[in-house]
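Here is a short report for a first look at this structure. Keep the view open while you read.

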Amino acid sequence: MSENTSHSHSERKPGAKREMSRRQFLAYTLGGTTGFLAAGVIVPMVRFAVDPVLQPKSASDWVKVVEESKITAEPKSFKFQVHQVDGWYESDPELEAWIAKDSSGKIFALNPTCKHLGCTVNWNNNPSYKDQYFCPCHGAHYTKEGKNLAVAPAPLDEYDVKIENGFVYLGELHANSIVK
Amino acid sequence: MMKGVYNWIDERLDITPMWRDVADHEVPEHVNPAHHFSAFVYCFGGLTFFITLIQILSGMFLTMYYVPDIINAYKSVDYLQHKVAFGVIVRGMHHWGASLVIVMMFLHTLRVFFTGSYKAPREMNWVVGMLIFFVMLGLGFTGYLLPWDNKAYFATQVGIKIAASVPYLGGYIQTFLQGGDIVGAQTLTRFFALHVFFLPAVLLALLGGHFYMIRKQGIAGPL
């Protein structure tokens, strides 16, 4: 194909109009049409496949968890349910939060998923680490504010907290903002 | 750019003869619609293959969302059709293509029959073509159950009853197809496996044979 094209180019007289060869014209039109038709088939399928990537992230709702008066300086575990829509499957998985007051009396809530490899940590469950969160899998432990002291590479994640009419509401989970 | 990449690979692997072998071949005048418009009847085989390719592609994409389970099958189909972008188009391609492939295959069979192209030395290709026909019907039958709606369920019920009427072997065929005593959970997984793994594998092998033979023997001469 290219031989043919270059051949016709070399024969072109100086000053003559630059013309497309018949073969090249056919290649372009047939190739273009084929590409257009193929795109008509491929584009819907690719868009279909990448749909989860393009879905907007749904912000999680506030969930009423416990009365404000139940919260003490000592972290306590509270279970709460969130509504989860997973494609065609809807469920209400139970989540856990350790809620406590800091020294200034502000309420904060931590997620007990260990930042090392995802086991579940517990408050004060190991005599060697008094008043700390301890992970039974690889011995990671954290302070009351969730600061990672060993093994784990990051502090425990923290829930957004809202107090309304004497109740504690938990929202989105995000990286710990109390400790660095 | 593309040319450069092609040449780089071609210098190393000498791929030009390979695709020349596949793509470059004589198209006799009597099968070329540019010469005789009525020769469009020779396009039906190629169209069947084209739609088969679309079926394979759209089917691959559908399995990204579909689950072959009696609790979730219908829900997942409903979800992929109504909630996923272009779901109605991708499922539509598979749904309409399934009917169209049977139509095209039937027209191709008629053309081969009425031009006498099945005669010696091409009898074997006719037989392979018939096998492809039955595999296609099997793909249609097994695929019909997968959405697990009322129509699918009762169509399969009827289809299996028909298969069960085969003398002597009917009962065994029925149990094999159902995977148990009723049309249920085990039937659905079974039909799914047949629909996406076994039958397509057989189909591709048969198509390979079909195309090898037609290339080896050439297209039958004019009437």
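A residue counts as buried under 20% relative accessible area, as exposed over 50%, and as partly exposed in between. Asp24(B) has a relative accessible area of 48%, so Asp24(B) is partly exposed. Its salt-bridge partner is Arg20(B), at 3.3 Å from N to O. Arg20(B) is partly exposed too, because its relative accessible area is 41%. Note that this is a predicted model.

**Salt bridges**

Side chains of opposite charge can pair when their charged atoms come close. Over all chains, a search of the whole structure finds six salt bridges. Three of them are listed here.

| Residue | Partner | N to O distance |
|---|---|---|
| Lys70(A) | Glu67(A) | 3.4 Å |
| Glu11(B) | Arg12(B) | 3.6 Å |
| Asp24(B) | Arg20(B) | 3.3 Å |

How open to the surroundings are these side chains? Lys70(A) is partly exposed, at 43% relative accessibility. Glu67(A) is partly exposed as well, at 31%. Glu11(B) stands at 64% relative accessibility, so Glu11(B) counts as exposed.

**Chain A**

Chain A holds three helices and 12 strands. Its C-alpha atoms fill a box of roughly 95 × 35 × 30 Å along the principal axes. The radius of gyration is 31 Å, whereas a compact globule of 180 residues would have one near 16 Å. Of the 180 residues, 29% count as buried. Take the contacts in chain A with a separation of 6 or more: residues 24 or more positions apart account for 43% of them.

**Where the chains meet**

How many residues does each chain bring to the contact? Chain B gives 22 residues and chain A gives 14. The size of an interface is often given as the accessible area lost when the parts come together. Here the two chains bury about 1,500 Å² between them, and 81% of that lies on carbon and sulfur atoms. On the side of chain B, Phe61(B), Tyr65(B) and Tyr79(B) lose the most area to chain A, together 31% of what that side buries.

Three elements of chain B give two or more residues to this side: α3 (44-62), α4 (73-82) and α5 (87-114). Of these, α3(B) gives the most, with five residues. By class, the side of chain B that touches chain A has 15 nonpolar, four polar and three charged residues.

What of charged and polar pairs across the contact? The count between chain B and chain A is zero salt bridges. One residue pair is in polar contact between the two chains, with both residues at pLDDT 80 or more.

Definitions and conventions. Residues are numbered from 1 along each chain as its sequence is written. Chains are lettered from A and ligands numbered from 1 in the order in which they are written. This is a predicted model: local features need pLDDT of at least 70, side-chain atom pairs count only at pLDDT 80 or more; totals for chains, interfaces and linings use all residues. Side-chain values use heavy atoms; hydrogens and water are left out. Contact means heavy atoms within 4.5 Å. Buried area is the accessible area (1.4 Å probe) that two parts lose on being put together, summed over both. A salt bridge is a side-chain nitrogen of Lys or Arg within 4 Å of a carboxyl oxygen of Asp or Glu. A polar contact is a pair of N or O atoms within 3.5 Å; within protein, one must be able to donate a hydrogen and the other to accept it, and residues adjacent in sequence count only if both atoms are side-chain atoms. Helices (H or I, at least four residues) and strands (E, at least two) are DSSP runs, numbered from the N terminus. Ala, Val, Leu, Ile, Met, Phe, Trp, Tyr, Cys and Pro count as nonpolar, Asp, Glu, Lys and Arg as charged, and the others, Gly among them, as polar. The radius of gyration is taken over C-alpha atoms; the globule rule is 2.2 Å times the number of residues to the power 0.38. Buried means under 20% relative accessible area, exposed over 50%, partly exposed in between (1.4 Å probe, protein chains only).
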